[in-house]
Amino acid sequence: MKQHKKGLAVWLAIVLLLLAGALLAGPGERVETVQETMRDAVLHDVNRISLLGLKEVNPGLISAFLVTAILLLAAALIRIFAVPRFRYIPGRLQLLLEQAVGLFDNMARGSSPHRFRFVGAYIFAAGAFIFVGTLFELLGIQAVTVAGRPITLPAPLSDVNAAIALGTLSYLVILSGGIAANGVKGVGKTLKEFSLPISMSFRLFGALLSGLLVTELVYYYVNLSFVLPVVVGVLFTLLHAVIQTYVLTMLTSMYYGEVSEPSPPKPKKKKQATAPAEHA
């Protein structure tokens with residue numbers, strides 16, 4: 001009981017110290033207004049980064065390159081060092097990998113039991129990119145803009161171009177499943193869902209951008225920039241990483257299963273027996 005009281009007193013003292021620091025800090029000098037900060041978080045027309053001195057690009061593109069490199073390096077290291085050591089009784093890493101692969105494999109089998117191998121591999125790759133890419137902003141990797149300002153690299157999918165690219169790619173995967181299973185009929189089935197790439201793209205972009213804007217807003221005001229950004233940033237990031245990974249992979253596997261389902265064979269018409277001609 002005494003230990004609980006001491007712990008509560010320590011936490012209360014920390015909260016009071018942080019509150020006092022927030023009140024004493026006061027508003028600091030800002031280079032740009034909150035409206036400009038929000039606008040640039042969406043459009044990326046001010047804080048742009050030079051890509052090897054060749055072109056000015058959005059920070060999200062640099063983030064996408066880094067996330068892709070991280071995933072490829074992790075895949076190579078796992079394949080070279082971890083997979084050969086897998087045993088019948090799995091260890092922690094083996095169990096974690098088997099659970100991750102089994103999750104997406106079961107999702108693909110359940111939605112498309114007749115054609116699941118390719119879509120299972122795709123949704124695993126897409127899910128890994130969304131999850132790791134969303135958590136990437138928690139690393140706080142710094143970069144310098146062409147204007148000489150420091151900037152924290154955002155999540156790749158907080159850039160609308162990356163979200164549209166992933167949504168369109170998922171739609172093309174669905175289209176390929178329809179063509180592989182039903183030919184021209186599969187194209188017709190897929191084109192009926194013409195709004196699917198738009199909805200998937202802007203669902204990703206809107207969800208991740210909302211977390212980015214809330215975090216930017218909290219960081220903008222110095223009075224709120226004590227502990228609260230950590231809680232808000234981590235909460236929004238983890239929540240969006242899990243939800244958006246599940247939503248896009250589930251939608252892709254579900255629609256892939258619908259368009260790649262083999263068409264039922266047409267019933268053959270029975271020939272009517274002709275009556276024998278009467279002899280004259």
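Leu-166, in this predicted model, is in contact with Tyr-122, Ile-130, Leu-157, Leu-204 and Leu-248, once its neighbours within four places in sequence are left aside. Leu-166 also belongs to the largest nonpolar core, a set of 37 residues in which Ile-123, Leu-157, Leu-166 and Leu-204 are the ones with the most contacts inside the core. Helices α3 (59–82), α4 (92–111), α5 (117–135), α6 (160–182), α8 (196–220) and α9 (228–259) each supply at least two residues of this core. As a general background to such an arrangement, nonpolar side chains in soluble globular proteins tend to be buried together.

Around this core, the chain as a whole is built from 9 helices and 4 strands, and the order of these elements from the N terminus on is α-α-β-β-α-α-α-β-β-α-α-α-α. Of the 280 residues in the chain, 33% count as buried, while the exposed surface amounts to about 18,200 Å², with carbon and sulfur atoms supplying 69% of that area. When contacts between residues at least 6 apart in sequence are considered, 71% of them join residues at least 24 apart.

Helix α6 can next be followed to its partner α7 (residues 184–191), where the two axes come within 6 Å and cross at roughly 145°, in a crossing that is right-handed. From α6, the contact is made by Tyr-171, Ile-174, Leu-175, Gly-178, Ile-179 and Asn-182, and from α7 by Val-184, Lys-185, Gly-186, Val-187, Lys-189, Thr-190 and Leu-191. Sorted by character, the residues of this contact comprise 7 nonpolar, 4 polar and 2 charged.

In helix α9 the residue to look at is Thr-237, which counts as buried because its relative accessible area is 4%, under the 20% cut-off. Not counting residues up to four places away in sequence, Thr-237 touches Thr-134, Leu-135, Glu-137 and Leu-138. Thr-237 and Leu-208 are separated by 29 residues in sequence, and their C-alpha atoms lie 7.9 Å apart in space.

A contrasting environment is found at Leu-52, in the loop between β1 (49–51) and β2 (55–57). Leu-52 counts as exposed because its relative accessibility is 77%, over the 50% cut-off. The backbone also deserves attention here, since phi of Leu-52 is near 55°, a positive value in a residue other than glycine. Most residues other than glycine have a negative phi.

Conventions: Residues numbered from 1 in each chain as written. Predicted model: local features only at pLDDT ≥ 70, side-chain atom pairs only at ≥ 80, totals over all residues. Heavy atoms only, no water. Buried < 20%, exposed > 50% of the residue type's maximum accessible area, 1.4 Å probe, protein only. Contact = heavy atoms within 4.5 Å. Areas by Shrake-Rupley, 256 points an atom, 1.4 Å probe, with all protein chains shown as cover. Core = buried A, V, L, I, M, F, W, Y, C linked by side-chain atoms within 4.5 Å. Axes fitted to C-alpha atoms, helices over the stretch in contact; angles between N-to-C directions. Left-handed = near helix turned anticlockwise from the far one by under 90°. Nonpolar A, V, L, I, M, F, W, Y, C, P; charged D, E, K, R; others polar.
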